Amino acid sequence: MADRLKDKVAIITGGAAGFGEGMARRFAEEGAKIVVADLNAREADRVAAEIGNGAIAVTTDVSQRSEFDELVYAAKSAFGRIDIMVNNAGYTHRNGDLVDVEEDVFDLITAVNMKAIYHAARCVVPIMERQGGGSILTTASTAGLRPRPGLTWYNASKGWAITATKSMAVELAPKNIRVNCLCPVAGETGMLEKFMGKDTPEIREKFKASIPLGRFSTPLDIANAALFLVSDEASLITGVAMEVDGGRCI
């Protein structure tokens, strides 16, 4: 298939690397206009430039409502509408004892993994409602479904994201706004080392051993699942926490 997102406009937070970059590139291949939103301005510019026409970069701190307002303004100024909102930006503490996580780290986890979803909803839901509908997608985690020791506060934030997804889906269904989330297993992204505590061959094998299909996720794995959920092929799907995990949550 091709052009599954033809002429749709997608904002992707955390779009400068990892899963977000994978989504930006995959959505663009299917005809979407892309807003690469990220705190890392240089990498956001790189991704948008490599995608080419139909992509812009916006430097954004998703924890701040004022910056979300600027992001939405930039998207509408460039492309005239917003059809897809992907809450992909995320943050975690290093794997370890839950009482050793400092308060400033905890606050950043809740701001990026939780409060940013609230900011996004307040900014884009009125726009989508006026347009007649839209799709909101959040990158949650298998950690929110089957938590492992050492990542307690991150796990809790992803459980919150899953519950928020389901509640938003019910409330926004009459407005024709679908809300779903993805639950990826650990992948080759910048946060992998923190998830593992430290990156050694032995720890990698331990993590892989918990995944029945025997490998980490890739940005393309997550991008393909995201593409389906935001496309019209999934027009009857809302409130889903899709496991993209190689069987990890079984």
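**Entry 1: Cys-123**

I began with Cys-123, which I found to be buried at a relative accessible area of 8%, and I note at once that the model I am reading is a predicted one. I placed Cys-123 in helix 4. Setting aside residues up to four places away in sequence, I listed what Cys-123 touches, and the list consists of Arg-65, Phe-68, Asp-69 and Val-72. I also took one long separation from this residue: Gly-247 stands 124 residues apart from Cys-123 along the chain, and I read 35 Å between their C-alpha atoms.

**Entry 2: the cysteines and disulfides**

I then asked how many disulfides the structure holds, and the number I found is zero. For Cys-183 I looked up the closest cysteine sulfur, which belongs to Cys-181 and is 4.6 Å away. Because a disulfide requires sulfur atoms within 2.5 Å, I record that separation as too far for a bond. Cys-183 is itself buried, and its relative accessible area comes out at 0%.

**Entry 3: helix 4 against helix 5**

Staying with helix 4, residues 103-131, I examined how it packs with helix 5, residues 152-172, and noted an angle of about 15° with the axes 9 Å apart. Angles under 35 degrees count as roughly parallel, so I describe helix 4 as roughly parallel to helix 5. The crossing of helix 4 past helix 5 is right-handed. From helix 4 I wrote down Phe-106, Ile-109, Asn-113, Met-114, Ile-117, Ala-121 and Val-125 as the contacting residues, and from helix 5 Trp-153, Tyr-154, Ser-157, Lys-158, Trp-160, Ala-161, Met-168 and Leu-172. Sorting the residues of this contact by class, I obtained 12 nonpolar, two polar and one charged.

**Entry 4: helix 1 and its two partners**

I turned next to helix 1, residues 18-29, and looked first at helix 8, residues 219-230, whose axis comes within 8 Å of that of helix 1 and crosses it at roughly 55°. I therefore record helix 1 as oblique to helix 8, and the crossing is right-handed. On the helix 1 side the contact is made by Gly-18, Phe-19, Gly-22, Met-23, Arg-26 and Phe-27, while helix 8 supplies Pro-219, Leu-220, Ile-222, Ala-223, Asn-224, Ala-226, Leu-227 and Val-230. The class division here is 10 nonpolar, three polar and one charged.

For helix 2, residues 41-51, I noted a packing angle with helix 1 of about 20° and axes 10 Å apart. That angle makes helix 1 roughly parallel to helix 2, and I again logged a right-handed crossing for helix 1 passing helix 2. Glu-21, Ala-24, Arg-25 and Ala-28 of helix 1 meet Arg-46, Val-47, Glu-50 and Ile-51 of helix 2. By class I found four nonpolar and four charged residues in this contact, with no polar ones.

**Entry 5: two loop residues, Val-62 and Leu-213**

Is Val-62 buried or exposed? I found Val-62 in the loop between strand 3 (55-59) and helix 3 (65-79), and at 7% relative accessibility it counts as buried. Leaving aside neighbours within four places in sequence, I listed Thr-13, Phe-68, Ala-89, Val-112, Ala-116 and His-119 as the contacts of Val-62. The C-alpha atom of Val-62 is 22 Å from that of Ala-186, which is 124 residues apart from it along the chain.

Leu-213 sits in the loop between helix 7 (201-209) and helix 8, and with a relative accessibility of 70% I entered Leu-213 as exposed. Between the C-alpha atoms of Leu-213 and Ala-16, which are 197 residues apart along the chain, I read 28 Å.

**Entry 6: positive phi values**

Last, I checked backbone angles, bearing in mind that most residues other than glycine have a negative phi. Asp-7, although not a glycine, has a positive phi of about 70°; I placed Asp-7 in the segment before strand 1 (9-13), where, at 47% relative accessibility, it counts as partly exposed. Asn-176 likewise has a positive phi, near 65°, and is a residue other than glycine. I located Asn-176 in the loop between helix 5 and strand 6 (177-184), and its relative accessible area of 49% puts Asn-176 in the partly exposed class.

Technical notes
Residues are numbered from 1 along each chain as its sequence is written. This is a predicted model: local features need pLDDT of at least 70, side-chain atom pairs count only at pLDDT 80 or more; totals for chains, interfaces and linings use all residues. Side-chain values use heavy atoms; hydrogens and water are left out. Axes are lines fitted to C-alpha atoms, for helices over the stretch in contact, and angles run from 0 to 180 degrees between N-to-C directions. Helices (H or I, at least four residues) and strands (E, at least two) are DSSP runs, numbered from the N terminus. Angles under 35 degrees count as roughly parallel, over 145 as roughly antiparallel, 65 to 115 as roughly perpendicular and the rest as oblique. A crossing is left-handed if the near helix is turned anticlockwise from the far one by less than a right angle, and right-handed if clockwise. Contact means heavy atoms within 4.5 Å. Ala, Val, Leu, Ile, Met, Phe, Trp, Tyr, Cys and Pro count as nonpolar, Asp, Glu, Lys and Arg as charged, and the others, Gly among them, as polar. Buried means under 20% relative accessible area, exposed over 50%, partly exposed in between (1.4 Å probe, protein chains only).
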